[in-house]
Amino acid sequence: MKGIVMNILAEMVETQLGLEEWNAVLDEADESGIYTSTALYDDVRLLKLVGVISTRNDIPANDLVFAFGQYMFPAFYHRYPELIDGHANMLDFLESLDDVIHVEVVKLYPGAITPGFEPDRRSSKVLHLKYESDRNLCRLAEGLIDGAAKHFDHNYTLVHEPCAHRGADHCGILVSLE
Ligand code: HEM
Ligand SMILES: [Zn+2]
């Protein structure tokens, strides 16, 4: 994962759990905490940090990854508002993930490995995304979508079926605006 992702995790823990806790997490995970945004870091290191935060704070890893996605959306918006402004609503934005957003991300962060989000727009209020990634971070995707919904001020429902964590070869994420 790119250093930006590590840095946003650091920012979340510092803000929500405090600098002291972040330092303790770094100690336990054997990490320095210094990450260059555009450099690539082994996913194992991010997952280790998540594991340590989860255990130390008694937060199930699944919930933590979702919360990380929720935190990540506004953090991305703060850095790259131009990628997100200009979409009338969340579904238009999500529909552009594969062809626009993550394409721009790879230009900004050469070597970034972004997931696949094949869109299938079923109506003005319903979008299906086929999520494919060897990282199987569909909970992160759910958190990001939740963060996006807050940003665009939508109430929505989400159905996640099938799921790679339950043996499927991809995840299906159906987002419906209320
Ligand atoms: C709600 C919208 C979004 C969703 C659902 C989403 C989903 C994801 C997921 C699940 C990953 C983890 C990698 C994987 O699964 O293989 C990822 C990676 C990433 N995304 Fe997105 N993303 C969204 C919007 C954005 C935006 C707006 C930006 C930046 C402006 C962004 C930048 C990145 C970056 C930098 C990575 C890391 C890639 C790497 O380190 O190799 N994403 N995204
Ligand atoms: Zn899934």
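Asp63 is exposed, with 12 other C-beta atoms within 10 Å. That residue, Asp63, is found in helix 4. The structure is a predicted model. The protein chain is assigned domain 1 (3-59) and domain 2 (69-177). Its largest nonpolar core has 38 residues, and 26 residues surround ligand 1.

**Two exposed positions**

- Asp63 counts as exposed because 12 other C-beta atoms lie within 10 Å, and the limit for exposed is 12 or fewer.
- Asp63 and Arg139 are 76 residues apart in sequence, yet their C-alpha atoms are 8.1 Å apart in space.
- Arg139 is one of the buried residues of helix 8.
- Ile34 sits in the loop between helix 2 and helix 3.
- Ile34 counts as exposed because it has 10 C-beta neighbours inside 10 Å.
- From Ile34 to Leu177 is 143 residues in sequence and 40 Å in space, C-alpha to C-alpha.

**Domains**

- The centres of domain 1 and domain 2, taken over C-alpha atoms, are separated by 23 Å.
- Seven residues from domain 1 and six residues from domain 2 make the contact.
- On the side of domain 1 that touches domain 2, helix 1 gives the most, with four residues.
- That side of domain 1 divides into four nonpolar residues, one polar and two charged.

**Nonpolar core**

- Within the largest nonpolar core, the residues with the most contacts are Leu9, Leu94, Tyr131, Ala141, Ile145 and Ala148.
- At least two core residues come from each of helix 1 (3-17), helix 2 (19-29), helix 3 (43-57), helix 4 (61-79), helix 6 (90-95), strand 2 (126-132), helix 8 (138-152) and strand 4 (171-177).
- Both domains take part: domain 1 and domain 2 each supply at least three residues of this core.
- In soluble globular proteins, nonpolar side chains tend to be buried together.
- Leaving out residues up to four places away in sequence, Tyr131 touches Pro115, Gly116, Phe117, Cys138, Ala141, His170, Cys171 and Ile173.
- Among these contacts of Tyr131, Cys138 and Ala141 are buried residues of helix 8.

**Helix 8**

- Helix 8 has 15 residues and should span 21 Å at 1.5 Å a residue.
- The end C-alpha atoms of helix 8 are 21 Å apart, which agrees with that span.
- Helix 8 is mostly covered, with eleven of its 15 residues buried.
- The buried residues of helix 8 are Cys138, Arg139, Leu140, Ala141, Glu142, Gly143, Leu144, Ile145, Gly147, Ala148 and Ala149.
- The cover over these residues includes helix 4, helix 6, strand 2, strand 3 (156-160) and strand 4.
- Asp153 follows helix 8, and its phi is positive, near 60°.

**Ligand 1**

- Lys2, Ala112, Pro115, Ser133 and Leu144 come nearest among the 26 residues around ligand 1.
- Two or more residues of the shell come from each of helix 1, helix 4, helix 5 (81-84), helix 7 (97-108) and helix 8.
- Helix 8 gives the most to this shell, with five residues.
- The shell around ligand 1 divides into 21 nonpolar residues, three polar and two charged.
- Leu144 comes nearest to ligand 1 together with the others named above, and Leu144 is also a buried residue of helix 8.
- Pro115 is likewise in the nearest group around ligand 1, and Tyr131 touches Pro115.

Technical notes:
Residues are numbered from 1 along each chain as its sequence is written. Chains are lettered from A and ligands numbered from 1 in the order in which they are written. This is a predicted model: local features need pLDDT of at least 70, side-chain atom pairs count only at pLDDT 80 or more; totals for chains, interfaces and linings use all residues. A nonpolar core is a set of buried Ala, Val, Leu, Ile, Met, Phe, Trp, Tyr and Cys residues joined through C-beta atoms within 7 Å. A residue is buried if 20 or more other C-beta atoms lie within 10 Å of its own, exposed if 12 or fewer, and partly exposed in between; C-beta atoms are placed from the backbone. Domain bounds come from an automatic or database domain assignment. Two residues are in contact if their C-beta atoms, placed from the backbone, lie within 7 Å. A residue is near a molecule or strand if its C-beta atom, placed from the backbone, lies within 6 Å of it. Ala, Val, Leu, Ile, Met, Phe, Trp, Tyr, Cys and Pro count as nonpolar, Asp, Glu, Lys and Arg as charged, and the others, Gly among them, as polar. The expected span of a helix is 1.5 Å times one less than its number of residues.
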